[in-house]
Structure formats: C-alpha cells, structure tokens
Amino acid sequence: MTRSKFRRLASGLAAVLALTLTAAACGGGTTRGDDEGPGDTQDSVGEADPNAEIQEGLHISFLPKQINNPYFTVADGGGEQAVGELAGEYEEVGPSEASASSQVSYINTLTQQGVDAIVTSANDPNAICGALDQARSAGAVVVTYDSDTDPACRDLFVNQATAEGIAKIQIELISEQIGGSGQIAILSATPNATNQNAWIDLMKQELEKPEYADIELVEVAYGNDDDEDSFQETQGLLSSYPDLAGIISPTTVGIAAAARYLSGSDSKGKVALTGLGTPNQMREFVKDGTVESFALWDPEALGYLAAYAAAALASGQINGEAGQTFEAGDLGEYTIGDGGVVVLGPPTVFDRDNIDDFDF
Ligand code: RAM
C-alpha cells in the first residue's frame, strides 16, 4: 500500500468514526445537509502537499452514466489518454442504462478491487452516495465529472462549464431560432440526473428575463438518455402541442433522436431544435437543415481533466479545497473553485459554418 493510500485509509476510518459519534450524539440517523460540503473532502483525503509527486501505477476507474453513449465514449477516451500519460492503470466500467441506482454494484466491485480513484458521472445525486462512502472509507478518492453527486459524497467535481453558462446559451439559441416568441419544450435525459435538473432550473430562471417574455415553456419531457424513448417523446411533444415553435434537448442522446424524428417529419425546418449534442452525431442534421445550431464542450478534454484531477487527489497533491491548483497535462494548470468544483471552460456553439472543424 502506498503511503498516501495508507494516510487516506486511516483518515477515512477516522471520518467514519467521527460520523458514527456525531450520529450517536444526534440520536442516530445521519442526513446530508447543505453544510456537509467540500469540508468533508479533507477528512477523506487528508492534508494536501502541493509538492507531492504524482504516483505511478495509480488504478483510475471511469464509471460513466452509461457505457453505450457516444458522449461518454469520447469523454472516457480522454480519461484513458491522461491515465496513460500518468503511467497509471485505466479501466471503464458501467451500466448500459442510465437509471438511478444502476451504478451502485459497479462501485462496490471497484471498492473490493481497492482502486485508487473512481471517476463517475452520477445518474442521481444521492443513490450512489452510500456506495461511494464505502469506497472512500476503503481509501479511494472520488471525482465526479459531467453530473455531480451530493458534494458530501465526492472529493471533487469536474464541471464541463458553469451550469449558468450552459443554461444561458441554450435559451439564447432557441430564442434566436424561433424569432423570440412561441411555445417551447425541453426534452431531457433521466428525471434524476443532477446535471440535467440544474440546467433545467436555470433555463427556467433565464426565461423569466424580460427579453424572453414571449417564450412559453409548455413541457419538460424525459427520454431517459435512451434513443427510442427520446424519439417517441419528440413525436409526443409535436402531437400534444401543434403550435410548438421549438425544442431544447440538453442531452446528446435526446437531441440526436429528436433531430432524427424531425428530419423525417413535416416539422423539419419549421420546429426549431437546439440543445447539447456531439458534432459527429448532429452533422447530418445541420447539413440537411433540421438543426441550425447547438452547443457542447469538448468531452475528451472533460475526461482528460477529470483523470488528472483524480491522480492529483490520489497522490495527496490536492484535497479538494478551493484555491488549490494542479497540472492537467496538455490543458495546463487548473484551480479548484468553491464547493470543490473545477470548471473545464465555456461551451462551444456549432453550426453549418464550423461543424466540419470538429471530430467528436
Ligand atoms: C448526455 C448525458 C450527459 C450530458 C450530455 C450533454 O450524454 O445526459 O450527462 O452532459 O448528454
């Protein structure tokens, strides 16, 4: 066992003991309050030493929301590249469905294997917390990327862009595309996804601005990050709202399925569609006039950054406190912000003019 792993294990056990004592003092039952934030990260990874070397041979496991989603294939490919650069051991495991508790058994197996780091995109903010707590008590560090857990359950969240920025750009795009007025709907992924729900709340807030007074959000539908469900939900939205002017789908699975439906329907070019998609999945629909523009970040860079963050945590170089910095290979230096969050960068908008410059 490496020294830092031993230190983490010891402090993990101390954290478990402290939690038990606190629970006993409170008369049992622990709850995760808002005040249990990144302060906990110190408990799970110990003191940070900015001069600590990144250890070789770290076992870093990626656990995406689902494995058969091209977005995560690209993101985790970035993770694999980074782990290779760091001379670590990479693996990707995960469910084929993005349901709330589908990740629990994978976390339990990783804990039994004694991995150094789990990098995960959560299908639900709380459903995997118990399993992650056990993994951390056993000495693993936990980095969330793409979709966070309750902050108390992880050491660091690598966010693709600020949630406000992601919400704002999608409302701006749909407004431009429908001429600033009309009914819109949101086609989301799974109902519990932390990232989707944060973006939806912020999009609703954004719509309250005076410049969007003529836009009415009529429904939020869920396609469960499943191609067929998303296709059918699109069809349902169009038949329920004959005057629908546009759809925002903040999921790569949803927007691709909605585009496929629209491109073969009478609504092509009449009902606008935007949201978050990969250029490779959306290219044909931009070229055939179904979609004018949409947004995303570079998923490969997201996975790459998450792997570097995991290695810095597992090596004791950082512990998740705001203000700490770490090197992320080709991406350069990153600083941890409030709440134990590292932000990759702003999203990019793709349209007919630039889509061929991107290959992911
Ligand atoms: C889907 C997933 C993922 C989200 C992207 C935009 O692949 O829901 O969590 O970030 O879309």
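This report covers the fold, the ligand shell and a few single residues of a predicted model.

Residue numbers start from 1 along each chain, in the order in which its sequence is written. Because the model is predicted, local features need pLDDT of at least 70 and side-chain atom pairs count only at pLDDT 80 or more, while totals for chains, interfaces and linings use all residues.

**Overall fold**

The chain holds 11 helices and 14 strands. Both are DSSP runs numbered from the N terminus: helices are H or I with at least four residues, strands are E with at least two. The chain has 360 residues, and 50% of them count as buried. Buried means 20 or more other C-beta atoms within 10 Å of the residue's own; exposed means 12 or fewer; partly exposed lies in between, with C-beta atoms placed from the backbone. Among contacts between residues at least 6 apart in sequence, 75% join residues at least 24 apart. A contact here is a pair of C-beta atoms, placed from the backbone, within 7 Å.

**Ligand shell**

The ligand has 13 residues around it. Tyr 71, Ala 189, Thr 251, Thr 252 and Leu 276 come nearest. A residue is near if its C-beta atom, placed from the backbone, lies within 6 Å of the molecule. By class, the shell has 4 nonpolar, 6 polar and 3 charged residues. Nonpolar covers Ala, Val, Leu, Ile, Met, Phe, Trp, Tyr, Cys and Pro; charged covers Asp, Glu, Lys and Arg; the others, Gly among them, are polar. Domain 1 (3-161 + 298-348) and domain 2 (163-296) both give residues to this shell, so the ligand lies between them. The domain bounds come from an automatic or database domain assignment.

**A β-α-β unit**

Strand β6 (residues 182-188), helix α7 (residues 194-207) and strand β7 (residues 215-222) form a right-handed β-α-β unit. Right-handed means that, with the strands pointing away from the viewer, the path from the first strand over the helix to the second runs clockwise. β6 and β7 pair in the parallel sense over 7 bridges; pairing requires at least two DSSP bridges. Ile 184 has Leu 217 in β7 as its bridge partner.

**Positive phi outside glycine**

Two residues other than glycine have positive phi: Ala 87 and Asp 146.

| Residue | Phi | Loop between |
|---|---|---|
| Ala 87 | near 55 degrees | α3 (70-85) and β2 (89-92) |
| Asp 146 | near 70 degrees | β4 (141-145) and β5 (156-159) |

Ala 87 is exposed, with 12 other C-beta atoms within 10 Å. Asp 146 is buried, with 25.

Terms used. Two residues are in contact if their C-beta atoms, placed from the backbone, lie within 7 Å.
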